[in-house]
Every structure is written in structure tokens, then in C-alpha cells.
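Grab a pencil and work through a few short exercises on the structure below. Try each task yourself before you read its solution.

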Amino acid sequence: MGIVRLTPLEARRVALAAQGFHAARPAAAGHRHLAATIDRLGLHQIDSVNVLVRAHYLPAFSRLGAYDTTLLDRRAWGPKRDRRLFEYWAHECSLLPLALHPLLRWRMERADRGQAGYTGMRVFAGERRAEAMALLARLRDEGPLSASDIETGRAGWWEWSEPKRMLEWLFYAGHVTTATRRRSFERVYDLPERVIPPDILSLPDVPEAEAQAQLVALSARALGIATAAELRDYFRLDAADAATAIARLVEEGTLLPADVPGWPPAYLHRDAKAPRRINARALLAPFDPLIWKRARTERLFGFHYRIEIYTPATQRQYGYYVLPFLFGEELVGRVDLKAYRAAARLMVHAVHWEPGVPEGAREALGVELGILAGWLGLGEVSQCCRLTSP
């Protein structure tokens with residue numbers, strides 16, 4: 001099999017198209033558009049930071065524009081008959097299409113054996129298993145529970161209480177799932193059979209190697225073109241498992257070896273498209289799959305991006321919650337944003353432009369900020385900001 005040769009610009013267009021940025025936004029985004037976006041990306045990463053809006057809402061906004069977030073809420077946490085998504089560990093904790101549930105049961109089984117999950121949880125797979133099973137029995141008898149319903153004292157900001165660690169092991173091992181999220185975004189746990197539709201739970205388990213190959217194929221479709229490390233990272237597979245899956249997919253013709261100047265060896269999905277031009281406009285969440293792998297972002301766009309949430313304020317270069325701005329087929333700037341909900345105001349704390357800002361980018365950002373403010377129910381966009389141009 002020959003090697004596909006792409007220029008860096010062609011690789012960028014492949015990546016953008018695979019992520020859905022080649023298409024014009026719909027005039028009015030509805031169920032069908034949201035479903036297509038979720039299917040294309042394969043997951044929406046969850047993060048608890050809510051300085052602007054919770055991260056799992058933003059990827060669909062970046063691609064569709066303003067949409068009704070209750071559509072996503074019902075798919076994720078609505079009545080069982082409306083469920084189309086479930087929470088599990090994929091690329092960090094994520095919302096995933098229910099069809100992926102059988103493809104991740106091998107990870108649940110590993111966690112059940114104490115071979116996956118955070119070290120502090122693994123004790124419940126072994127010597128403290130009886131305690132976790134007792135908690136599972138309580139859930140079975142009493143119904144949905146959160147950690148705060150169980151614990152008697154509050155752990156520190158960076159610590160999990162004992163009940164929380166047990167619940168998270170039960171979650172990782174597939175014994176429980178997320179029933180809903182409270183207003184504080186606290187997870188409420190329940191038994192899978194009371195949450196996930198029976199037609200999903202009745203699907204047969206997929207053997208590990210087959211499931212991992214399917215996950216890598218999904219990663220390749222979502223990324224368009226990617227290195228082995230990036231294919232592995234999408235669903236956080238072990239290096240050896242990913243390497244076996246990649247070799248199999250190359251042999252089958254799903255992945256095509258690709259050469260891009262300045263890139264490590266890469267793989268092109270056989271169905272990937274390379275449009276002649278991309279005309280996108282989007283603010284991107286820090287956890288958007290287009291940019292979450294920072295080295296890939298630098299290779300694709302020549303754009304150095306790091307999230308600075310955990311950086312002391314005096315040491316931040318760009319701001320607390322900074323969203324890169326995609327204009328056309330380039331990342332042309334970054335915007336530090338905060339939603340002041342009580343004042344119904346979207347605050348722009350800083351705008352930093354990249355060298356050689358293309359014509360129309362500033363105006364396009366203004367339009368996008370207005371759409372974002374309207375989507376969030378904020379009446380105005382205010383700028384108290386630093387505007388930097390090289």
C-alpha cells in the first residue's frame with residue numbers, strides 16, 4: 001500500500017472537514033443537526049468549569065451556532081426513552097453516544113479487576129470490594145444517590161471523600177452510571193438498568209481487540225488525519241492496544257499511511273475529505289477535540305495554546321478561560337471570556353490577535369461574540385479588555 005502525501009495546508013483542511021467545520025451552519029439547529037454533530041465527534045468532553053458555559057455545550061455551538069441546550073440535556077440526562085448519550089471515561093469523562101456502550105465494556109471490566117482507573121479507586125476492586133458492593137446494594141434499595149447524599153463530612157477541594165471514591169470506582173467499573181446532574185453539576189448515580197435503555201444493555205459485549213479497533217477507527221474518522229499518539233489519545237487507549245488496532249486498520253484499508261512535511265508518521269482515514277477551502281467562524285472551547293491535543297494544534301495551525309485555569313493569575317499570559325478563534329481555516333486569535341449571568345453580560349477580558357490578522361477577522365469575532373451572548377441569554381457584550389495585535 002502506498003503512502004498518501006499531503007501538504008500541511010491539505011492536512012489542516014482534512015482535519016477541519018473531519019471535525020465539521022467545512023459545512024455552513026444551519027439556519028436553525030435542531031435535533032437532527034445536534035445528532036449529526038455528536039455522531040461526527042464521537043464524544044463531548046465534560047468539565048466542571050462554568051465561567052462561561054459548561055464545556056460539553058460548546059463543541060456543538062462552535063459548529064452549529066445557537067442551539068437549544070435542552071436538546072443535549074434530554075439526550076444526556078432526560079427520561080430513559082429520550083436518552084441517546086451516556087457518561088463514561090473516554091477522553092477524560094465524556095458524553096458518548098449509546099452505541100459506544102458495548103465498545104467500552106472492556107474498560108469497565110478492567111476497572112472491575114482493578115486494572116484501570118485512578119490508583120486511589122483500585123483498592124475497591126480488591127481488599128475493599130465488600131464496602132463498595134454494600135454501597136451498590138444501598139443504591140439498589142434506595143434509588144439514585146450522589147456522594148453528598150452519603151458522606152458525613154466534606155473533603156477538601158482536591159480530595160474525594162471515601163463514598164465518592166467508592167462511587168467513582170463503581171462508575172468506572174460499570175456497576176453504576178449517571179442518572180442525572182444536579183444544578184450544581186453534581187453527579188447522581190444509579191444502576192445502569194434503571195438509566196440506559198434495555199436495547200443498548202442487551203447488545204452483546206465486544207471483545208477487547210475488536211472494540212479497540214472500532215474506537216481507533218472512530219478516532220480516525222473524527223480527526224481525518226492523525227498520528228498514532230493522537231489516534232490513541234481520542235479514547236485514551238494504551239499504547240500497545242492502539243498500536244495493534246492501528247496495524248489491523250491499515251491492513252484492512254481503513255487507515256492509509258500518510259506523509260505530511262514536518263509531521264511524524266500519520267494516518268489518513270479512507271473516507272477523509274480535503275476541501276479546496278474552509279470558510280469557518282468559531283470560538284473553540286479549551287476541550288474541543290479540534291484543539292485538545294496541543295502539539296497537534298501547533299502542527300496544524302502554528303498556534304501555541306495552553307489553558308491557564310490552574311496558572312496563578314499573575315503568571316497568566318492570555319487569561320483565565322481563553323477560547324481560540326477560528327476564522328476561515330486559521331486560528332487567528334484568542335479571547336478571554338466570562339459570563340456575568342446576574343448582570344446579563346458577556347465580558348470580554350482580553351483579545352489577543354495572532355500575527356497577520358486576515359481582513360474581516362475582527363468584524364467576524366464581533367459577530368460571533370454577539371451570537372454567543374444571545375445563545376447564553378446575555379443581553380450585551382462588554383469589553384473591559386486588553387486588545388493586543390502583533
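What follows is a set of exercises, each with a worked solution. This is a predicted model, in which local features need pLDDT of at least 70 and side-chain atom pairs count only at pLDDT 80 or more, while totals for chains, interfaces and linings use all residues. Residues are numbered from 1 along each chain as its sequence is written, and side-chain values use heavy atoms, with hydrogens and water left out.

**Exercise 1. The three-stranded sheet**

Work out which strand order the open sheet of three strands has, and which strands sit at its edges.

Step 1: get the terms straight. Strands (E, at least two residues) and helices (H or I, at least four) are DSSP runs numbered from the N terminus, and two strands pair if DSSP finds at least two bridges between them.

Step 2: read off the order. It goes β5-β7-β6, with antiparallel pairing. The edges are β5 (145-146) and β6, each pairing on one side only.

Step 3: check the bridges. β5 is joined to β7 (residues 187-190) by two of them: L145 partners Y189, and S146 partners V188. Between β6 and β7 there are four bridges, and one of the pairs is T177 with D190.

Step 4: look at the connection. β6 and β7 make a hairpin with five residues between them, and F185 in that turn has a positive phi of about 75°.

Step 5: ask what covers β7. R187 and Y189 on one side, and V188 and D190 on the other, are all buried (under 20% relative accessible area with a 1.4 Å probe, protein chains only; exposed is over 50%, and partly exposed is in between).

**Exercise 2. The four-stranded sheet**

Find the strand order of the open sheet of four strands, then find the helix that lies across β9 and β10.

Step 1: the order is β1-β9-β10-β8, and the pairing is mixed. β1 (4-5) and β8 (225-227) are the edge strands.

Step 2: zoom in on one edge. β1 and β9 (residues 255-259) run parallel and are joined by two bridges; V4 has A258 as its partner in β9.

Step 3: add the helix. That's α13 (residues 239-252), which lies across β9 and β10 (266-269) and runs at about 100° to β9. Here axes are lines fitted to C-alpha atoms, for helices over the stretch in contact, and angles run from 0 to 180 degrees between N-to-C directions; contact means heavy atoms within 4.5 Å.

**Exercise 3. The nonpolar cores**

Which residues touch the most other members of the largest nonpolar core?

Step 1: define the object. A nonpolar core is a set of buried Ala, Val, Leu, Ile, Met, Phe, Trp, Tyr and Cys residues joined through side-chain atoms within 4.5 Å.

Step 2: the largest core has 109 residues, and L52, Y321 and L337 touch the most other members. Helix α11 (residues 208-223) gives the largest share, eight residues.

Step 3: follow Y321. Leaving aside neighbours within four places in sequence, its contacts include V49, V53, L58, F287 and I309.

Step 4: don't miss the other core. It lies apart, has 26 residues, and includes A11, V14, A282 and L290.

**Exercise 4. Two odd backbone angles**

Locate R236 and A344, and decide whether each is buried or partly exposed.

Step 1: recall the usual case. Most residues other than glycine have a negative phi.

Step 2: R236 has a positive phi, near 50°. It lies in the loop between α12 (228-234) and α13, and counts as partly exposed because its relative accessibility is 34%.

Step 3: A344 also has a positive phi, near 50°. Its loop runs between β13 (330-340) and β14 (345-353), and its 28% relative accessibility is why A344 counts as partly exposed.

**Exercise 5. Enclosed space**

How many cavities of 30 Å³ or more turn up in the whole structure?

Step 1: set the rules. On a 1 Å grid over the protein atoms alone, a cavity is a set of points where a 1.4 Å probe fits but cannot get out, and lining residues have an atom within 4 Å of a point. A volume is the space filled by probe spheres set on the points, which are joined across faces, edges and corners.

Step 2: the search finds two. The largest has a volume of about 50 Å³.

Step 3: see what lines it. Among the lining residues of the largest cavity are F86, Y88, H101, M108 and F171, and β3 supplies the largest share, three residues.

Methods:
1 Å grid on protein atoms, 1.4 Å probe; cavity = no way out; pocket = protein on both sides within 12 Å on 5 of 7 lines; lining within 4 Å.
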